Amino acid sequence: MQWEHIQAEVRRARQSRFEQTVTQRDLVDSVSQILFRADPVGINFETNTDEYDAEAETIVIGLPNTHGPEDVNALTHETSFSGSTHRLPAPSSGTPRCPQRFGTCDDAIMVSMD
């Protein structure tokens with residue numbers, strides 16, 4: 001019974017994210033590809049190209065509330081690592097930076113928005 005409840009919640013969340021991004025699917029696809037290539041949490045096994053779709057949708061939903069690269073970086077970092085089992089050290093400066101393997105995802109996402 002509990003598993004069915006979890007599955008229903010996942011379906012509702014997926015549907016909600018899709019509805020909020022239905023007119024921005026190209027941007028969602030671009031962000032998902034950027035995350036897949038950067039593979040910030042180490043789940044890219046080369047065949048599971050949709051693995052970052054949920055994170056990409058969440059990022060696209062949050063983009064209107066960002067005001068520059070620092071905000072996009074923070075949004076990307078929070079989205080990609082909030083549910084992850086990977087634990088990252090807190091940023092040492094006022095500008096959160098993604099791990100080295102994350103590369104310049106925030107810059108790539110900013111370019112994708114143009």
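This short talk walks through a predicted model of a protein, from its overall layout to its salt bridges and a patch on its surface.

Good morning. I shall begin with the general layout. The protein has 114 residues, and 35% of them count as buried. Its secondary structure consists of five helices and zero strands. Reading from the N terminus, the order of elements is therefore simply α-α-α-α-α. The accessible surface amounts to about 7400 Å², and carbon and sulfur atoms hold 51% of that area. If we take the contacts with a separation of 6 or more, 61% of them join residues that are 24 or more positions apart.

Before we turn to details, a word on confidence. The average pLDDT of the protein is 75, and 68% of the residues reach at least 70. Over residues 84-104, however, the pLDDT is below 50. In the model this stretch has 28 contacts beyond near neighbours in sequence. Among the elements, helix 1 has the highest mean pLDDT, at 93, while helix 5, residues 105-113, has the lowest, at 54.

Let us now look at the salt bridges. How many salt bridges does the count give? The count is three.

One of them joins Glu9 and Arg12, whose closest N and O atoms are 2.3 Å apart. Where do these two residues sit relative to each other? They are three residues apart in helix 1, so about one helical turn separates them. Glu9 is partly exposed, at 37% relative accessibility, and Arg12 is also partly exposed, with a relative accessible area of 49%.

The other bridges I wish to show involve Glu57. With Arg17, Glu57 forms a salt bridge in which the closest N and O atoms are 2.9 Å apart. Glu57 belongs to helix 3, residues 53-62, and Arg17 to helix 1, so this pair ties together parts that are 40 residues apart in sequence. Are these two residues buried or exposed? Both Glu57 and Arg17 are buried. For Glu57 the relative accessible area is 6%, and this residue counts as buried because the cut-off is under 20%.

Glu57 also forms a salt bridge with Arg25, and here the closest N and O atoms are 3.0 Å apart. Arg25 lies in helix 2, residues 25-38, whereas Glu57 lies in helix 3, so the pair ties together parts that are 32 residues apart in sequence. Unlike Glu57, which is buried, Arg25 is partly exposed, with a relative accessible area of 22%. Through these shared partners, Arg17, Arg25 and Glu57 are joined into one network.

Another residue to place beside Glu57 is Ser16, which lies in helix 1. Ser16 and Glu57 are 41 residues apart in sequence, yet their C-alpha atoms are 9.9 Å apart in space. Ser16 is partly exposed, with a relative accessible area of 32%.

Finally, we turn to the surface. Which residues form a nonpolar patch there? They are Trp3, Ile6 and Val10, and together they have about 310 Å² of accessible area. Ile6 is found in helix 1, which covers residues 2-21. With a relative accessibility of 37%, Ile6 counts as partly exposed.

To close, I would ask you to retain two pictures from the model. Arg17, Arg25 and Glu57 form one network of salt bridges, and Trp3, Ile6 and Val10 form a nonpolar patch on the surface. Thank you for your attention.

Terms used:
Residues numbered from 1 in each chain as written. Predicted model: local features only at pLDDT ≥ 70, side-chain atom pairs only at ≥ 80, totals over all residues. Heavy atoms only, no water. Patch = residues over 30% accessible without salt bridge, like charges linked within 9 Å, V, L, I, M, F, W, Y side chains within 5 Å. Areas by Shrake-Rupley, 256 points an atom, 1.4 Å probe, with all protein chains shown as cover. Salt bridge = Lys/Arg side-chain N within 4 Å of Asp/Glu carboxyl O. Helix = DSSP H or I, 4+ residues; strand = E, 2+ residues; numbered from the N terminus. Buried < 20%, exposed > 50% of the residue type's maximum accessible area, 1.4 Å probe, protein only. Contact = heavy atoms within 4.5 Å. pLDDT = per-residue confidence, 0-100.
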